[in-house]
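I opened this notebook page to record what I looked up, element by element, and I kept to what I could read from the model itself.

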Amino acid sequence: MSTTLTIPKLEMSMSEGTLAEWKVEDGAAVKEGDVIYVLETNKTARDIEAPTAGTLVHKAPAGETYDVGTEIGEIV
Amino acid sequence: MSQGNLGIEPEVLKAIYGQMARIRAVDKAVQAGLSSGKFMFTYWPMTGQECIPATISQLTTERDYMITTYRGIHDQVAKGVDLYGMFAEALGREDGVNKGKGGSPHISDPSSGSMVTTAIVGAGAPIANGLAISAKERGEDRVTIVNFGDGATSIGAVHEAMNLAGAWKLPVIFMCQNNTWGEYTRIPTYTASPNFFGRAEALGFKGVQLDGNDPAAFYKGMKEVIDYVREGKGPVFVEAMTYRLGPHAGVGDNYNATKDELAAGKERAPYEKTRALLLEAGISSEEEITALEAAAKAEVEDAIARALESTVTPQSETLIDVFADADSVPKRGHYPVREAEGELSGPTETMTMVQAVLSAQTLAMEANKEVFILGEDVGDPQGGVFGTNKGLQDKYGDRRVRPTPIAETAIIGAALGASIAGMNPIAEIMFVDFMGVCLDQIANHAAKQRYMSGSATHAPMTIRVQLGGGMGGFGAQHSQSLEAWLTHTPGIKVVYASNPIDAKGLLLSAINDPDPVVVLESMMLLYTQKAEVPTGDYRIPLGVAKVKREGTDVTLISYGWELLNCLAAAEELAKEGISVEVIDLRSLVPIDYHRILESVKKTGRAVVVHAAVEFCGLGAEICSTINEELWGQLKAPAVRLGAEYAPIAYSKDIETNQVPNAGSIIARVRASVKG
């Protein structure tokens, strides 16, 4: 079972976020709790951790701003 | 295994860690779900505060009451709220403990003792007093624990509640989880207080400061506190020292903290420390702990998987749980026919409205020992500022007639909490103008408890409120008619009698109603109206208007003291050949649109009169409904007449004329009839 990664809504006021940097390469293995990417919001930059273990698949390039809910990757 | 040097029984420490592991598993799963985008709800993490509820769970049972806040997921988990129901609630699903209507910030689960969860900072404390009153009066040994953060110590509700609990020696524990942050603002930015527990001493009761991150020390301290409160020695304020590792809302670390602060906080965090202690002391093996953590994770994963399968609570539920009966909900196009009271019989006495209110309260107190009165100055000899409770304290004692501090938030909160526990309190607010002080308790809590809890809990309480007006000379802050504040708030019923017979019958209905009812009492009517009132118990049903004078040309619709002006105007207008029908609404919510529309169908014209400000008043609502429903049948549009848009003036000349009087009502009716 794969886990879809979308831009999360971390604050009541948040409607979009910037995928600042992928911290794990496309296709690499991740453990639950590993920092996989950095999300910048209007408040702060946050390390986002892998919610589960598996292989990370990038589906969106870093450096772009996406709406909350946009699919950016998957852990398979 | 013995206690040894740990200061706590090993089995107890293990059990505390077990609860901490469940809390941590929930916290991690929520943060993972939010981070991946699987969940889309707001989360206020309590990471770092797990030890407090985990420890309390070993000293309390589901019989003990708990109130907490939106951040209190750790409190819910340790209290025993079913995780499936909790996650389904957070996701807005049918199978949520509150049918998905409250969400995680409003969990109410009486089966575990988690009674109220509030998203209004500090507002739980006054309600906790009411739960504690119920336990004390019923002779139960339950304690009530109300959790809040250090930030809540700044708000008036907490101060009012603490003062009342001290005065009444209530079995309540004010559990201040001092995580050093009030949302995004830290101590000492928001307070110069060196501590918070010292405030209890200033109010005459016990306050203690405990290390909320050390399970052994906290267990020992809390055991003493809980025993003390259970023994009936009075309330205790506990300042439990901890640290919030997460942000106010969202996931991850507390980004407002400096790196050093955060590192120090993590160093002291209870979860990892307790785990290490179990290993070092040889209480548990690594295998045992890993198995326990895996079990907690599995429990959470199972709960989430099932919660995601539960149906999103459907739109068809919108008007369910506003009131016990859906027919009381005002809804365009739905005008239920409610049966009127029959002919009143039995012996009567001449009573003023004051005596009629007193008679209703006496009957209610005699019939049900869970009815009690609280409010400012309600005790004897004065029996309330207006004397509506005279003799009741002498007769029923000071536990059932409770004079309160001058603190409306504490009064309404105490009544609300007692009603959530099933009692039927009558809270008296001396002037409707003071409602602003306690509107949060009325509008955000009493009115919404049934809905937010999906009817898991409800509030069968009565709030008697006196109004100035119609007498003159009380000025802008003691003469208002504020019923529209209430009628605009879903979940609260409102009645307003114009005479002693209705006053008694409506009050008895209110006291016996399953939902909160505000009973408005005009001070002028209390003193001036007399009638032959039946001495026994009778009820005027809520939501039933009454035709006070029949007529054929125009319908005057009013309530409260303005009804007298309407009757006087009708008498004058009859001399001009205008036949006026006068309707007394009696209930504002539920409203009797059936009888209003039946009358206006007959007369073809309507004028709605109230002492409240005309702009955005109830008159506008009633006129709009009449005009929409009877458009083709009207001889003239329904119109309203209320007070001019100004505070009530002290000048007699202004006050007499800014509010509808017989003269201005006559003019408005004439204009309607003659076009």
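The entries below go from a sheet in one chain to the contact between the chains and then to two helix pairs.

Entry 1, the sheet. I began with chain A, bearing in mind that this is a predicted model. I found an open sheet of four strands there, in the order E5-E4-E2-E7, with antiparallel pairing. Its edges are strand E5 (45-49) and strand E7 (64-67) of chain A, each of which pairs on one side only. I also looked up the twist, and on average neighbouring strands of this sheet are turned by 40 degrees against each other, with direction ignored.

Entry 2, one strand pair in that sheet. I then followed strand E4 (residues 35-40) of chain A to E5(A), to which five bridges join it in an antiparallel run. On the E5(A) side, I noted that A:Ala45 stands opposite A:Glu40.

Entry 3, the contact between chains. I turned next to where the chains touch, and the contact takes 17 residues from chain A and 13 residues from chain B. On the chain A side, strand E1 (3-6) and E5 each supply at least two residues, so I recorded E5 of chain A twice on this page, here as a contributor to the side that touches chain B and above as an edge strand. By class, I listed this side of chain A as seven nonpolar, five polar and five charged residues.Entry 4, helices H6 and H14 of chain B. I looked up how helix H6 (residues 156-168) of chain B meets helix H14 (residues 408-420) of chain B, and their axes come within 8 Å and cross at roughly 70 degrees. Because angles from 65 to 115 degrees count as roughly perpendicular, I entered H6(B) and H14(B) as roughly perpendicular to each other. From H6(B), the contact is made by B:Gly156, B:Ala157, B:Glu160, B:Ala161, B:Asn163 and B:Leu164, and from H14(B) by B:Thr409, B:Ala410, B:Gly413 and B:Ala414. I sorted the residues of this contact of H6(B) with H14(B) into five nonpolar, four polar and one charged.

Entry 5, helices H21 and H22 of chain B. I closed with helix H21 (residues 593-603) and helix H22 (residues 618-629) of chain B, whose axes come within 11 Å and cross at roughly 55 degrees. I therefore put H21(B) down as oblique to H22(B), and I noted that their crossing is right-handed. The contact is made by B:Tyr593, B:Ile596, B:Leu597 and B:Val600 of H21(B), with B:Ile622, B:Thr625, B:Ile626 and B:Glu629 on the side of H22(B). By class, I counted six nonpolar, one polar and one charged residues in the contact of H21(B) with H22(B).

Technical notes
Residues are numbered from 1 along each chain as its sequence is written. Chains are lettered from A and ligands numbered from 1 in the order in which they are written. This is a predicted model: local features need pLDDT of at least 70, side-chain atom pairs count only at pLDDT 80 or more; totals for chains, interfaces and linings use all residues. Axes are lines fitted to C-alpha atoms, for helices over the stretch in contact, and angles run from 0 to 180 degrees between N-to-C directions. Angles under 35 degrees count as roughly parallel, over 145 as roughly antiparallel, 65 to 115 as roughly perpendicular and the rest as oblique. Two residues are in contact if their C-beta atoms, placed from the backbone, lie within 7 Å. Ala, Val, Leu, Ile, Met, Phe, Trp, Tyr, Cys and Pro count as nonpolar, Asp, Glu, Lys and Arg as charged, and the others, Gly among them, as polar. A crossing is left-handed if the near helix is turned anticlockwise from the far one by less than a right angle, and right-handed if clockwise. Two strands pair if DSSP finds at least two bridges between them.
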